[in-house]
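This briefing walks through selected helices and residues of one protein chain, and it is meant to be read beside the sequence and the coordinates. Please keep both in view while going through the points.

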Amino acid sequence: MSSSRPLFSVAPHELWRGIRTTVRSDVFGGALLLLATATALVLANSPAAGWYTSLRDFTFGIPELHLELSLGAWASDGLLAIFFFVVGLELKEEFVSGRLRDPRAAALPIAAAIGGVIVPALCFVLVNLGNPDAMRGWAIPTATDIAFAVAVIAVVGRFLPPALRVFLLTLAIVDDLIAITVIATFYTESISLPWLTLALLPLAGFGALVQRGVRQWWALLPLAVATWVCVHASGVHATVAGVLLGFLVPVLPTVRARVRMPGGAYEGLAAHFADRWSPVATLVAVPVFAFFAAGVSIGGVDGLVSAVRDPITLGIIVGLVLGKPIGILSTTFALSRIPAIRMDETLRWPDLVGVSFLAGIGFTVSLLVGELAFGQRSIADEHVKIGVLLGSLIAAIIGGMLLGARNRRARLRG
């Protein structure tokens, strides 16, 4: 008499732990983002284009709170605030207890990030010198997409030094901080001071609760949403609210603000919230934004050729593919000549060349900046999407091939 086998060979909590580990993996996040992008491109260039456009442009909300938005705008203004909340948590962790705590250790990737912002912006400006209206897009090729870039290095760089991934992560995190500052400073046309002042009340309430160790969603979520609503109504891009909320969460465990781990140890609330909200950002926020943002009608070969001839598109491609690696490598080389600053001994310049190209994958934030610069559904915004997609694809292929070759050599040596 044979006994029946259970449906699952592992306990439910072990199964859930495995699912969460998969969701948080670099490869899974990048693959999901790629799937959402490809789906949007296929729909926008198929007989279903009308359905896709009507879905993206479907509008609902509360006009009195300046919240009558299309689905695409809800994704870029609302869902991306969750992504930037996680970014805010990670940034604060890095500055308080992580890689950015030691200025000497963080100097090289920080300098690389700054160079990787300045040079692509200059490339875009130089290409568009004769087009003053295009200058609003100078910041589009300055961003690095963490999800895509880290996913590529996770796939092709298994045998490369761990310090290389740390360099890329630090660079991308600082890049995000610069991007947030640029959005708040240069892409806010008018600010309503009453709404901005009103946002301080729920923001202060959120900060007071997390400092006291409160982590119940029913207490924190209404304050977070109220902060987002007020910041959005003020004219400042609402994703900034997510970063501010993330910055308020304590990193180091205190007597009040702590979470007991299964092993009996304590961790701060920032790590706890990042662990809880990262899957939401990976599974929902970023893929949904990509689905609505990346759907550009290319118009066949003629449309693609016409778009590439646009200085806006060309400036983005040059900035991402050439400006990023030139800026990153030049600043890293210059700073590494200073005796007090040393590069990690396991890093090699060919590895850094490959990583500098991966930093040219400027997907999520680049698309967001393009929408802010030229407005959704404008001709310029459509060309921005083509430039970002082509530039990111070229940068990913070059960086992936370089690091793949280095990875094969490292595997043979190992």
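Does Gly-242 count as buried or exposed? The model is a predicted one, and in it Gly-242, whose place is in helix α10, counts as buried because its relative accessibility is 4%, under the 20% cut-off. The points below begin with this glycine, continue to the helix and loop that come before α10, and then turn to other parts of the chain.

**Gly-242 in α10**
- Leaving aside residues up to four places away in sequence, Gly-242 touches Ala-81, Phe-84 and Phe-85.
- Between Gly-242 and Ala-121 there are 25 Å in space, taken from C-alpha to C-alpha, and the two are 121 residues apart in sequence.

**Helix α9 and what covers it**
- Helix α9 comprises 18 residues, from 217 to 234, and from its first C-alpha to its last it reaches 25 Å, which is close to the 26 Å expected at 1.5 Å a residue.
- The buried residues of α9 are Ala-219, Leu-220, Ala-224, Thr-227, Trp-228, Val-229, Cys-230, Val-231, His-232, Ala-233 and Ser-234.
- The cover over these buried residues includes the strand β2 (67-70) together with the helices α4 (71-97), α8 (193-211), α10 (239-248) and α11 (269-293).
- After α9 comes Gly-235, a residue with a positive phi, near 105°.

**His-237 in the loop between α9 and α10**
- His-237 lies in the loop that runs between α9 and α10, and with a relative accessibility of 7% this histidine counts as buried.
- The side chain of His-237 takes part in a polar contact of 3.1 Å with the side chain of Asp-77, and also in one of 2.8 Å with the side chain of Thr-239.
- When residues up to four places away in sequence are not counted, His-237 touches Ser-76, Asp-77, Ile-183, Thr-188, Val-231, Leu-368 and Leu-372; of these, Val-231 is also listed among the buried residues of α9.

**Leu-283 in α11**
- Leu-283 is found in helix α11, and it is partly exposed, with a relative accessible area of 41%.
- Leu-283 and Met-343 are separated by 60 residues in sequence and by 36 Å in space, again from C-alpha to C-alpha.

**Packing of α5 against α7**
- Helix α5 (residues 103-127) packs with helix α7 (residues 162-186) at an angle of about 50°, and their axes are 8 Å apart; that angle makes α5 oblique to α7.
- The crossing of these two helices, α5 and α7, is right-handed.
- On the α5 side the contact is made by Leu-108, Pro-109, Ile-110, Ala-112, Ala-113, Ile-114 and Val-117, while on the α7 side it is made by Phe-167, Thr-170, Leu-171, Val-174, Asp-175 and Ile-178.

**Thr-313 in α13**
- Thr-313 is found in helix α13, which covers residues 311-336, and with a relative accessible area of 0% this threonine is buried.
- The side chain of Thr-313 reaches the backbone oxygen of His-383 at 3.2 Å.
- Not counting residues up to four places away in sequence, Thr-313 touches Ala-307, Val-308, His-383, Ile-386 and Gly-387, so that His-383 appears both in this list and as the partner of the polar contact.

Technical notes
Residues are numbered from 1 along each chain as its sequence is written. This is a predicted model: local features need pLDDT of at least 70, side-chain atom pairs count only at pLDDT 80 or more; totals for chains, interfaces and linings use all residues. Side-chain values use heavy atoms; hydrogens and water are left out. Helices (H or I, at least four residues) and strands (E, at least two) are DSSP runs, numbered from the N terminus. The expected span of a helix is 1.5 Å times one less than its number of residues. Buried means under 20% relative accessible area, exposed over 50%, partly exposed in between (1.4 Å probe, protein chains only). Contact means heavy atoms within 4.5 Å. A polar contact is a pair of N or O atoms within 3.5 Å; within protein, one must be able to donate a hydrogen and the other to accept it, and residues adjacent in sequence count only if both atoms are side-chain atoms. Axes are lines fitted to C-alpha atoms, for helices over the stretch in contact, and angles run from 0 to 180 degrees between N-to-C directions. Angles under 35 degrees count as roughly parallel, over 145 as roughly antiparallel, 65 to 115 as roughly perpendicular and the rest as oblique. A crossing is left-handed if the near helix is turned anticlockwise from the far one by less than a right angle, and right-handed if clockwise.
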